[in-house]
Amino acid sequence: MKLNVNDREAFAYTGGKAFDANLPTVVFIHGAMHDHSVWALQTRALAHQGHAVLAVDLPGHGRSAGPAPASVEAAARWVADLLAAAGVKRAAFIGHSMGSLIALEAAALLGDRATQLVMVGSSFPMKVSPALLTMALDQPLKAIDMVNALSHSGWAAKPSAPAPGFWLNGGNRALMRRLQAAYAAAGHGNLFHLDFQVCDAYAAGLETARRVRCPSLMILGHSDQMTPPRTAATLTGALRADSITLPAGHSLMAEAPDGVLNGLRSFLARSAP
Amino acid sequence: MPGHSDPGFDTLSLHAGAAPDPSTGARAVPIYLSTSFVFESSDHAAALFNMERSGHVYSRISNPTTAVLEERVAALEGGVGAIATSSGQAALHLAIATLAGAGSHIVSSSALYGGSHNLLHYTLARFGIATTFVKPGDIDGWRAAIRPETRLLFGETLGNPGLDVLDIPTISAIAHESGLPLLVDSTLTSPYLIKPFDHGADLVYHSATKFLSGHGTVVGGVLVDSGQFDWNASERFPELNQAYAGFHNMVFSEESTVGAFLLRARREGLRDFGACMSPHTAWLILQGIETLSLRMERHVSNARKVVDFLASHAMVESVGYPELPGHTSHALAAKLLPRGCGSVFSFNLKGNRTQGKAFIEALKVFSHLANVGDCRSLVIHPASTTHFRMDDAALAQAGITQGTIRLSIGLEDADDLLDDLSRALKAAQKAAS
């Protein structure tokens, strides 16, 4: 679905069904160097099971016009503006990695209008090594390969996503390369460096978590090398969130698509307002 | 950063897509010889059919053993995924049928396997898909042949039978300037010798019957997507960027940014045309892939010895191997194929048709048959077999004469191959009198 947000074109995938703002709305927010398609299976399932789904492409990612937000807080404000443009009054927020921090900020920003919060593959702080940030500037394709390698727990996650026959490591790499190239071609610069800088710079996590009033859930990957489960403990405590750990790396939605979906469905049902 | 996080080619050849079987602990890939798979519930069944969940329903669409092969070849090629098919020809047809329909047009290299030429020139024309053939080295010809209704450019990494090296960087750039993908047949090279995606190709397919399988036992194909082509950026591909009534009005390019092509190819082409691969075939090809790099090294090493032998033999007019300085693709081969130009090549025998027949019939180690990429050495006369449907003009365009003989060099002791060829060349010489 195309929307106009702050005079720029924005895109949100609606799960293969027409968006109906009268249904309980779930907003999916992707992570750094990703777009809506990382949620393909979870969004399609929820959209066909009674939810209105908005899986956004953040500005500068996928089909939403850039430039990309320069901070987690700015991205959260853009999400709030997108909801206004879509006519959504209340919504659950589900984010992955960088997107989980944006979901956290959005949930705090919208107060009682946020019904639930799910943070997938998250940590706080989400610090990025200076070496990776330097590599992102000098050798972005090498930095993509490094992050891609660290995002997967193995070579044979089954049944694969979005369907059998997909090589997850290759799909994630191709997506990051596509987004990096498109952002540069649009004249905005180095998306990888910007996204990872945004993660690294975010400092308000614990303070923001204490302002979140809705029920929250952490979904973590047992073998996650990007955001290991132990690095989410402080945030989980501040949110007083439920937590589940799945046998997966950082690419949880692809490596454990059913586990993530089952976790979401169960949480959304039991914590519905 | 080699290791578990970033495995190399040989490690991927053995492990990509496969893990010990969770239910039995079996280390080798099990053969799931089952047509269909039990649903956990009615809701689970509906979710699988609607692509809300990933999983196997029916082995024409996907199968756990075949999926391992698909992931493995995708990993070796550097792609996002793959679809295994009943043959290489089925893979080519699946690629074309996913992107083109009646009224569409293809620009193809003229240096093709005879079966591919038949499909494009005769059969697809009957279904309203036209093809313009261009000599692979005619760069301006590629550009000039593109029309508004063109849907893809196509060529072989090593053109059959003259081994013209496809200038993938240049041809892919021409394709991309027009918003078109480049499809490459990489059968003769395998991902060990070249990864076409690294040079700009968008889709790759193999006749897995050949080097991937490597043992001349099964027929199969694999179609791989790089995930790099933006199907959404062009109005030429409504099949991928508009709602498809044949599958819940799915817009494949929305569903998956990098996997749209494969989703459509599986959900339409494999479902409706049905040219799927048997899990047993997939398993045999997986066995071959486990030793792909070892075999390709030996194939190339043996081929180089045979090429050197033939190039200096009095009965041989010419040898068409790109590593030879006189070959038209010599410089391009050095750039794109530093590990070697495979082990399938042709040479022209001096003398008449009778002498050619005598040569082939005198061979003892080489087998006279219609295949390439076997671990055993093979020989054939293209003009009377693989390319017999082509007229003289088409043969000439493909670089084939009546004296052309094609060899596929296997894994035997190189000295035994040279001895066999030496005896056969003597027989050919005697047949002149």
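Helices here are DSSP runs of H or I, at least four residues long, and strands are runs of E, at least two, all numbered from the N terminus. With that, names like α5 and α6 of chain A have a clear meaning, and P159(A) can be placed: this proline is in the loop between those two helices. One caution before going on: this is a predicted model.

Let me stay with that loop. The peptide bond from K158(A) to P159(A) is cis, with omega near 10°. A second cis bond runs from A161(A) to P162(A), and there omega is near 5°. P162(A) also sits in the loop between α5 and α6 of chain A.

Now step back to chain A as a whole. It has 11 helices and 8 strands. Its radius of gyration is 17 Å, and the globule rule gives 19 Å for 273 residues, so chain A is as compact as a globular protein of that length. Along its principal axes, the C-alpha trace spans about 45 × 40 × 40 Å. How much of chain A is buried? Of its 273 residues, 62%. Take the contacts in chain A with a separation of 6 or more: 75% of them join residues 24 or more positions apart.

Next, helix α5 of chain A, residues 140–150. Its buried residues are P140(A), A143(A), I144(A), V147(A) and N148(A). They cover an arc of only 135° around the axis, which puts them on the same side of α5(A). What covers them? The cover includes α4 (130–138), α6 (168–185) and α7 (191–201) of chain A.

Two loop residues in chain A deserve a look. The first is V38(A), in the loop between β3 (25–29) and α1 (40–47). Is V38(A) buried or exposed? It has 29 other C-beta atoms within 10 Å, and the cut-off for buried is 20 or more, so V38(A) is buried. Leaving out residues up to four places away in sequence, V38(A) touches H30(A), H96(A) and M253(A). There is also a long-range pairing in space: the C-alpha atoms of V38(A) and N172(A) are 8.6 Å apart, with their positions 134 residues apart along the chain.

The second is S97(A). Look for it in the loop between β5 (91–96) and α3 (98–110) of chain A. S97(A) is not a glycine, yet its phi is positive, about 55°. S97(A) is buried, with 29 other C-beta atoms within 10 Å.

On to the core. In soluble globular proteins, nonpolar side chains tend to be buried together. Here the largest nonpolar core has 227 residues. Those with the most contacts inside it are V27(A), V79(A), F93(A), I94(A), A107(A) and L223(B). Domain 1 and domain 2 of chain B both give residues to this core, so it lies between them. Which residues does F93(A) touch, beyond its neighbours within four places in sequence? V27(A), I29(A), A103(A), A106(A), A107(A), A114(A) and L117(A).

That brings us to chain B. The domain assignment gives domain 1 as 9–288 and domain 2 as 293–430. Their C-alpha centres lie 29 Å apart. At the boundary, 30 residues of domain 1 are in contact with 36 residues of domain 2. On the domain 1 side, α1 (9–15), α5 (114–126) and α8 (190–193) of chain B each give two or more residues. By class, that side has 12 nonpolar, 13 polar and 5 charged residues.

Then the contact between chains. Here 43 residues of chain B are in contact with 34 residues of chain A. On the chain B side, α3 (64–77), β1 (81–85), α10 (252–255) and α11 (260–273) each supply at least two residues. The largest share, 5 residues, comes from α3(B). By class, the chain B side has 17 nonpolar, 18 polar and 8 charged residues.

Last, two residues in chain B. R271(B) lies in helix α11. With 15 C-beta neighbours inside 10 Å, R271(B) counts as partly exposed. The C-alpha atoms of R271(B) and R60(B) are separated by 6.7 Å, although the two are 211 residues apart along the chain. H248(B) is in the loop between α9 (238–241) and α10 of chain B. Its phi is positive, about 55°, and H248(B) is not a glycine. H248(B) is partly exposed, with 15 other C-beta atoms within 10 Å.

Methods. Residues numbered from 1 in each chain as written. Chains lettered and ligands numbered in written order. Predicted model: local features only at pLDDT ≥ 70, side-chain atom pairs only at ≥ 80, totals over all residues. Contact = placed C-beta atoms within 7 Å. Nonpolar A, V, L, I, M, F, W, Y, C, P; charged D, E, K, R; others polar. Core = buried A, V, L, I, M, F, W, Y, C linked by C-beta atoms within 7 Å. Buried ≥ 20, exposed ≤ 12 C-beta atoms within 10 Å, placed from the backbone. Domains from an automatic or database assignment. Rg over C-alpha atoms; globule rule 2.2 N^0.38 Å. Arc of directions from axis to C-beta.
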